[in-house]
Amino acid sequence: MIGMSRQFMLSSILFVFVLLVLVPLAVNMSGRQDLFYTLTSVALLAIASGGVWLTFYIGRINIGQGAFSLLGGYVSAILMVHYGVSFWLALPIAGIACSIVSVLIGLPILRLRGVYFAMTSLVLTQVMQLLALALPITNGAKGMVSIPLPGALTLFGVTLIPDFATIGNLKQAFYFLAVVLMIACYAGLYRLTRSRLGAICVSLQQNEELSASIGINIAAMRVLAYAVSSFLGGIGGAIFVAISQSIYPSSFTVTDSVNFMLNCFLGGLGYVFGPMLGTLVLYFGWDLLYRTADYQLLIFSSILIALMLVLPNGLLSLRLKALAKGGHYG
Amino acid sequence: MAEFLSVSGVTRRFGGLVAVNNVSFNVREGEIMTVIGPNGAGKSTLFKLICSFLRTTEGEVRFRGEKISDLAPHIVARKGVVRTFQEATIFKTMTVRDNVIVAHHLRSKASLFGYFLNSALARSDNAAFRESADEILATMGLSGLADELAMSLPQGHLRALGMAIGLASNPMLLLLDEPFAGMNHEETMQAVDLVRCVRDRGVTVLLVEHDMSAVMKISERIVVLNFGEKIAQGTPAEIQSNERVIEAYLGVEDDSIGL
């Protein structure tokens, strides 16, 4: 296919096979169904982090993705609870709603650069949380509960996805949903980086004045990238809501926003698959340190700082150098 | 017929400071024209006003009859007025070739979505851009470095790459911001040849420059700024013998020391 080396294609097929066949088999054999829930969370966080990575890709430090996960979650919850909309329709609407809001917010704030944009984006999560507390439709601090499970998805009388309420292994069903969406998300991001769009994004990241001088509408490109980024945040949030069947103003906090960014840093900003690996390592790393109790955060932070010092370009810089040199326009 | 580029009564104030004051001149199609002036004369400000990286306070810039001042910079580029930058302004982490390919943006026929899906139009764009980029790199003497990362190039080549990026947009008028700054004599002479190459491709060149020897060698006409005002305009020979220019550069003539 387009611009893929044989080796890359084989490893992608292997990766998809592992995620969709081997992992479910292994989890079922181990009898630890809760692992499905953990891995589903990783997949969803990886989707939201992929969005953050895209804003890094155009040269913006985004610490506000939690705002859009929260917004996406509430939009889908409100649509399903108050308007009886099917989850399968509410999901894309939640993403699009996030995109629209991000365009409105992005138009002014994307003019800021560096630490100024970062600080402004940091405020967004807090603002969204306060809105969720204040607005009548979100039911305030009590949150929204008893949100229905995803129903059946039928197209022209053919049932594509069965009603989740009738599925015996609900955890596995959500795992498949999240993983398939994560694969689609990263396939899309990969394609973007390998196309002319990727080159345009990098041109923005490197020098916006020069980009403008060669005729690129930098304001429009920034907003477009931010809209896609927020779309992914919204999708991630909406599925979280479907799984937990509830949402509260504290479902996504500033800490989550910071973590989305850390996932990107840890995996490597230069690699499109970086945030996926970063999310996995960060999520499990945190859990593994659970036994250290009071020292959990201290040890965790120290390891992160050490990693950033030793591997400033992220974990993937260890081996993906050859892949990164492929360039655009493949 | 409308002037190719006309700068009329352009003024720019920064608070109380008048950086450019009521400057007017025209650029003719196909020529190499230079704006010179001592440090702080307002050259760079004027440059930014022409390519609309700064807004004018008064006056306007017209390109082929159409007003281009105060438009968004990418629109000005679309109309055929493209600038380069001082120093090494390139896309550092891309290869030299990719720098020039991405700069073909204005020649894109496919939509952004088309590029994402790798449509037939996108593929033909990519092939055409690559071919054109290689041709431009050859003109600029960068063929052998096409696959190097741009940040690894030495200073002289960076300037050439900057011009190559400008050329890729297919401009009618290329504005060069101090293309010879920080170069030794030999490098400057090479760069002078490159600027001539650019003009010989049918691109009109307006440069802002400091290096007098290069300017005298390359320019067909010169505009001189001092303290934000135009003090002279003419051929290199006229400028060299213009008293106001000599005053501006060397200070007021003083008979007592026999200047």
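Let me start with a definition: a residue is buried if 20 or more other C-beta atoms lie within 10 Å of its own, exposed if 12 or fewer, and partly exposed in between, with the C-beta atoms placed from the backbone. By that count Asp163(A) is partly exposed, because 14 other C-beta atoms lie within 10 Å.

Before going on, some housekeeping. This is a predicted model, in which local features need pLDDT of at least 70 and side-chain atom pairs count only at pLDDT 80 or more, while totals for chains, interfaces and linings use all residues. Residues are numbered from 1 along each chain as its sequence is written, and chains are lettered from A and ligands numbered from 1 in the order in which they are written.

Back to Asp163(A). You will find Asp163(A) in the loop between strand S2 (158-161) and H6 of chain A. For these element names, helices (H or I, at least four residues) and strands (E, at least two) are DSSP runs, numbered from the N terminus. What is Asp163(A) in contact with, leaving aside its neighbours within four places in sequence? The partners are Gly151(A) and Ala152(A); contact here means that the C-beta atoms of two residues, placed from the backbone, lie within 7 Å. Ala242(A) is 79 residues away from Asp163(A) along the chain, and their C-alpha atoms are separated by 13 Å.

Now to the helices of chain A, beginning with H1(A), residues 6-30. The expected span of a helix is 1.5 Å times one less than its number of residues. For the 25 residues of H1(A) that gives 36 Å, and the end C-alpha atoms are 34 Å apart, so the two agree. H1(A) does have a kink of about 40 degrees, centred on Val18(A); the bend at a residue is the angle between axes fitted to the seven residues ending there and the seven starting there. How many of the 25 residues of H1(A) are buried? The count is zero, and H1(A) is hardly covered. Right after H1(A) comes Gly31(A), with a positive phi near 75 degrees.

H2(A), residues 34-57, makes a nice contrast. Its 24 residues reach 34 Å from first C-alpha to last, close to the 34 Å expected. Of those 24 residues, 19 are buried, so H2(A) is largely enclosed by the rest of the structure. Just after H2(A), Gly59(A) has a positive phi of about 90 degrees.

H4(A), residues 87-109, has 23 residues and spans 32 Å, close to the expected 33 Å. There is a kink here too, of about 25 degrees, centred on Val103(A). Buried residues in H4(A) include Phe87(A), Leu91(A), Cys98(A) and Ile105(A). What do the buried residues of H4(A) pack against? They pack against helix H3 (65-83), helix H5 (114-134) and helix H9 (218-244) of chain A.

Next, helix pairs. Two packed helices are described by the angle between their axes and the distance between the axes. Axes are lines fitted to C-alpha atoms, for helices over the stretch in contact, and angles run from 0 to 180 degrees between N-to-C directions. H1(A) and H6(A) pack at about 170 degrees, with their axes 10 Å apart. That makes H1(A) roughly antiparallel to H6(A); angles under 35 degrees count as roughly parallel, over 145 as roughly antiparallel, 65 to 115 as roughly perpendicular and the rest as oblique. Among the residues making this contact are Val16(A) and Leu19(A) of H1(A), and Tyr175(A) and Val179(A) of H6(A).

The axes of H3(A) and H5(A) come within 7 Å and cross at roughly 30 degrees. H3(A) is therefore roughly parallel to H5(A). Residues in this contact include Leu70(A) and Tyr74(A) of H3(A), and Leu124(A) and Met128(A) of H5(A). By class, there are eight nonpolar, three polar and no charged residues. Here Ala, Val, Leu, Ile, Met, Phe, Trp, Tyr, Cys and Pro count as nonpolar, Asp, Glu, Lys and Arg as charged, and the others, Gly among them, as polar.

Finally, over to chain B. The contact between the chains takes 24 residues from chain A and 27 residues from chain B. On the chain A side, H7(A) gives the most, with seven residues. That side divides into twelve nonpolar, nine polar and three charged residues.

In chain B, Asp70(B) has a positive phi near 70 degrees, and Asp70(B) lies in the loop between strand S5 (66-67) and helix H2 (73-78) of chain B. Asn170(B) also has a positive phi, near 60 degrees, and counts as partly exposed, with 17 C-beta neighbours inside 10 Å.
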